[in-house]
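Student: Could you take me through this model with some questions and answers, keeping the cut-offs explicit?

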Amino acid sequence: MTKIQSYFFVMLSIVVVTLSSCGKRMNNRITLWRNDRIPYGTYYAYKNLGHIFPNSTVMTSDESPETFGGSNYSSAYIIIGPTLRPSEDELKAILQHAISGNHVFISAMSIGDNLLDTFRLKQQYNDMFEDSLTVNIYDPGSGDTARFQYPGMKLDGYFSGMDSAVTNILGRNEHGQPNFVKFSYQGGGSVFIHYAPLA
């Protein structure tokens, strides 16, 4: 290789390295916040609630579940975040909301022991450094299964113990471990607990 060729090769390498390092990098912060458009925010999920639940009013609140008011309409309370550790009064309010015929959907990476004990669940965590997240969702009515795979961090958990007499499994991770469960109440309400909020 001549001196000019060597110089050209070094300069080309520097340009390639510089251009590749100037590219936009993925934001790996996990916020699960409804206003964040980053990969681990929930902006797009939040904006599609009106499509998922047509003819419904979507409202947001940073208030404690203790502030739930009575309503003549059935409602769904959706909680998505990195952790959910309700106080005893908040837990009672969540349960009362479901007992009254409403629905509660909880998706978090870490859930408080008081909530888990109430539903007789035991939790386990998976390795968060794997390069993709896979979830399987079941339709108990039809028996159909849908598999979804997401690139990026895995960061999920599963239920290592449960009371099968009161727990309906709606989803599993790629290893077949349950990570999405439902508890039904006689008044028509239900509580859903999901352990893969990054999905």
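The exchange below goes through confidence, nonpolar cores, salt bridges and backbone angles.

Tutor: This is a predicted model, in which local features need pLDDT of at least 70 and side-chain atom pairs count only at pLDDT 80 or more, while totals for chains, interfaces and linings use all residues. Residues are numbered from 1 along each chain as its sequence is written, and side-chain values use heavy atoms, with hydrogens and water left out.

Student: Over which residues does pLDDT stay under 50?

Tutor: pLDDT is the predictor's confidence in each residue, from 0 to 100, and its mean for the protein is 82, with 83% of residues at 70 or more. Where pLDDT is low, the predicted coordinates should not be read in detail. The stretch with pLDDT under 50, for which the model has one contact (heavy atoms within 4.5 Å) beyond four places in sequence, is residues 2–21.

Student: Which residues touch the most other members of the largest nonpolar core?

Tutor: A nonpolar core is a set of buried Ala, Val, Leu, Ile, Met, Phe, Trp, Tyr and Cys residues joined through side-chain atoms within 4.5 Å, where buried means under 20% relative accessible area, exposed over 50% and partly exposed in between (1.4 Å probe, protein chains only). Not counting residues up to four places away in sequence, phenylalanine 119 touches Leu95, Phe183, Tyr185, Val191 and Ile193. In the largest core, of 21 residues, the members that touch the most others are Leu115, Phe119, Leu121 and Ile193.

Student: Which residue forms a salt bridge with arginine 34?

Tutor: A salt bridge is a side-chain nitrogen of Lys or Arg within 4 Å of a carboxyl oxygen of Asp or Glu, and by this rule the count comes to two. In the one with arginine 34, the closest N and O atoms are 3.9 Å apart, and the partner is exposed, with a relative accessible area of 63%. That partner is aspartate 62.

Student: What is the N to O distance in the salt bridge of aspartate 163 and arginine 120?

Tutor: The pair links distant parts of the chain, 43 residues apart. The side chains of aspartate 163 and arginine 120 meet with an N to O distance of 2.2 Å.

Student: What is the phi of asparagine 55?

Tutor: Asparagine 55 counts as exposed, at 86% relative accessibility. Arginine 120, also a residue other than glycine, has a positive phi near 55°. For asparagine 55, which is not a glycine, phi is positive, at about 60°.

Conventions
Helix = DSSP H or I, 4+ residues; strand = E, 2+ residues; numbered from the N terminus.
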